Amino acid sequence: MNNILKLGALAAASTLVLAGCAANEAVVETATGAADGSTVELTGTLNGSGASSMAAGQEAWIAAFQIANPGVTVNYDPTGSGTGRAQFMEGATSFTGSDSYWKDEELLKTFPSCEAGTMPWEFPIWISPIAVIFNLDGISSLNMEGTTVAGIFAGEITMWNDSSIAAANPGVALPELQITAVHRSDESGTSKNFTDYLAKVAENVWTVGAIEAWPVEYGGEGAQGTSGVVSAVTGGNGTIGYADASRAGDLGTVAVKVGTDFVAYSAEAAAAVVDASPLVEGRESHDLAYKIDRNTTASGAYPIVLVSYLMGCNDYVDDEQAELVRAWASFLVSEEGQNAAAASAGNAPISAGLRAKAQAIIDEIK
Amino acid sequence: MTDTKPKVVRRLGDVVFANLAFFAGVSILATLATVAAFLFAQSVPAFTGPPIDAASEGFFSYVLPFVFGTVYASVIGLAIATPLAVGIALYISHFANRRFAQILGYAVDLLAAIPSVVYGLWGILVLAPFLSPTFNWLNENLGWIPIFAGQVSATGRTMLTVGIVLAIMVLPIMAALIREIFLQTPRLHEEAALALGATRWEMIKMAVLPFGRPGIISAAMLGLGRALGETMAVAMVLSPAAVVSFAVLTSTNSNTIAANIALQFPEAGGNYTNLLIATGLVLFAITMVVNMIARWVISRRAEFSGAN
């Protein structure tokens, strides 16, 4: 009986969501829009795990969501993307955050939380521009070609007054100083996305492709985690590194060449590159996996971004979980949710167009 | 003492305590066995499963730089810590007045209470920048010595910095142990030396140090054991690479096994996890060997335990 009531409320809520164009009201309506006018509170516990990159955002989302839905407890364990996806595939969690989309071989396996034969969905929930940060006295921004950035991190360009840097920065007095390129010593999605950019824009210079573990022959200095890189760059002189843009602080940042312009990182520029990128081919319609176009020439797009995905089941075995995930995911993609995360973590909100596509996927969760 | 044993009266308290003690003892063995079994079982897929990108040239060429880094960092740490620990122990046991010796003893013990992550932070934010100019000087003036050669790190996050951090971390346990050994020097030996006209330094050289040598060695072994397994401070301070490198001032340093596991585990998946656990097994083996050597040295000490 309880289930029937819930289903009724659910149907009503879904209709409202589908009818209204403002997808961001979904949470409120699910919580209060019962057919008979009485309040049906969402209750239950929702467990997720995955990428630590969006941990700060998840904290902000959980806080806001639990205030709106006091009966719901959401847990997000930032175990790392790989572990997060593995836990979801073991049926231990109901949703996952991941810095990379489902691998083809993962989609061939079974998902115990999902009804047999149904596939999981995914869409970008978190876009994080990766800033190329440096520490040079008196210089707060530099322009660089993609090949120059690749040359620096591959250990080929070793001095700050190198002609390729000077050519892109007329009028800037570059010191005759050794470059120390700092990279992540732990495996990270940030490294993977950054090196993917290097490999795509400068395949002759950066020849090892997108990697998580740094190749020894490229040398440079390793540091643990985003904080480690930022503190190594801050602590040294003539250092350069890459880190989540929200952590760039007072360090100098590099504007990279896109088309004919040099583009500095910004939330809008980061969201723009996702919209300008094609979807991964051969995926079903609920699978919004983007192949980020690092070579984009779209004006105002910043191609060094980390895109993290939210993942869940199209059809949950447990219908109560389906209801919770729908409300939760709707909140995350809502303008309110995206802005809440951006305000607390400094990432880039996904664009309105992408929000609508994601909401369409969420509405079909069963 | 007579050879005839008195009849044992078994009281309830005795039985309970004996059993508790027995289980405490056995639980150590059981824990050790469980850990070893876990390491073995979890290591197997690294060898039987599909090839792993990170170890494309086989397990041993993967783990070799880390074994080297682990031992190298610990040896540097020990080389710095041992003379310091002996000095501290001598000062506390034979030179300082009792009141000051007590305060100093507390201070040394306090070093042991600092969490390793704090040492890591201190290493990155304070020690590394502080040492950086010294490293430049060493490289310019003593660069002809291979270990000081190479391109000096701009941030100071090098093998030598890690060695110094490790030295400070193992110092308390070593100093405390050596101090206890020195305090056990037979009073008669010391007084005899002094009575023969030895100065205090000569007395220490002739009576205290020979008596304490096995103790110093076993303290060093315990310190080494701690240094080998140190994870957080190394992971935070060292700028690592998968190479075997003797240079201590560059950005390219051999990582340690423990730090490598800490750095790679969070994002590891599939049998890469098993590979990391297999490196953990190697570390386990190294540490066991070190501890066995320490045991052996301590047991040898019984042979010449002074005047007794």
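A residue counts as buried here if 20 or more other C-beta atoms lie within 10 Å of its own. By that yardstick, 52% of the 366 residues of chain A are buried. Keep in mind that this is a predicted model. Below is a quick tour of chain A, its contact with chain B, a helix pair in chain B, and the nonpolar cores.

**Chain A overall**
- Chain A is built from 13 helices and eleven strands.
- Take the contacts in chain A with a separation of 6 or more, and 72% of them join residues 24 or more positions apart.

**Where A meets B**
- Chain A puts 28 residues into the contact, and chain B puts in 24.
- On the chain A side, helix 4 (81-89), strand 7 (221-223) and helix 9 (225-235) each chip in at least two residues.
- That side of chain A breaks down into 19 polar, five nonpolar and four charged residues.

**Helix 4 of chain A**
- Besides supplying residues to the side that touches chain B, helix 4 of chain A is mostly covered, with seven of its nine residues buried.
- The buried ones are Ser81(A), Gly82(A), Thr83(A), Gly84(A), Arg85(A), Ala86(A) and Phe88(A).
- Their cover includes three strands of chain A, namely strand 1 (44-50), strand 3 (95-98) and strand 11 (305-313), and it also includes helix 5 (104-107) and helix 8 (189-201) of chain A.
- After helix 4 of chain A comes Gly91(A), with a positive phi near 85 degrees.

**A helix pair in chain B**
- Helix 6 (residues 187-195) and helix 7 (residues 200-229) of chain B pack with their axes 9 Å apart, at an angle of about 160 degrees.
- Angles over 145 degrees count as roughly antiparallel, so helix 6 of chain B is roughly antiparallel to helix 7 of chain B.
- The crossing of these two chain B helices is right-handed.
- Helix 6 of chain B brings His189(B), Glu190(B), Ala193(B) and Leu194(B) to the contact, while helix 7 of chain B brings Glu202(B), Met203(B), Met206(B), Ala207(B) and Phe211(B).
- By class, that makes six nonpolar, two charged and one polar residue in the contact of helix 6 with helix 7 of chain B.

**Nonpolar cores**
- The largest nonpolar core has 100 residues, and Val305(A) and Trp328(A) have the most contacts inside it.
- Strand 4 (residues 120-135) of chain A gives this core its largest share, ten residues.
- Leaving out residues up to four places away in sequence, Val305(A) touches Ile127(A), Ser128(A), Pro129(A), Ile130(A), Asn193(A), Ala270(A), Val273(A), Val274(A) and Ile292(A).
- A second, separate core of 75 residues includes Ala46(B), Ile88(B), Met203(B) and Ala227(B).
- Met203(B) also turns up in the contact of helix 6 with helix 7 of chain B.

Conventions:
Residues numbered from 1 in each chain as written. Chains lettered and ligands numbered in written order. Predicted model: local features only at pLDDT ≥ 70, side-chain atom pairs only at ≥ 80, totals over all residues. Helix = DSSP H or I, 4+ residues; strand = E, 2+ residues; numbered from the N terminus. Buried ≥ 20, exposed ≤ 12 C-beta atoms within 10 Å, placed from the backbone. Contact = placed C-beta atoms within 7 Å. Nonpolar A, V, L, I, M, F, W, Y, C, P; charged D, E, K, R; others polar. Axes fitted to C-alpha atoms, helices over the stretch in contact; angles between N-to-C directions. Parallel < 35°, antiparallel > 145°, perpendicular 65-115°, else oblique. Left-handed = near helix turned anticlockwise from the far one by under 90°. Core = buried A, V, L, I, M, F, W, Y, C linked by C-beta atoms within 7 Å.
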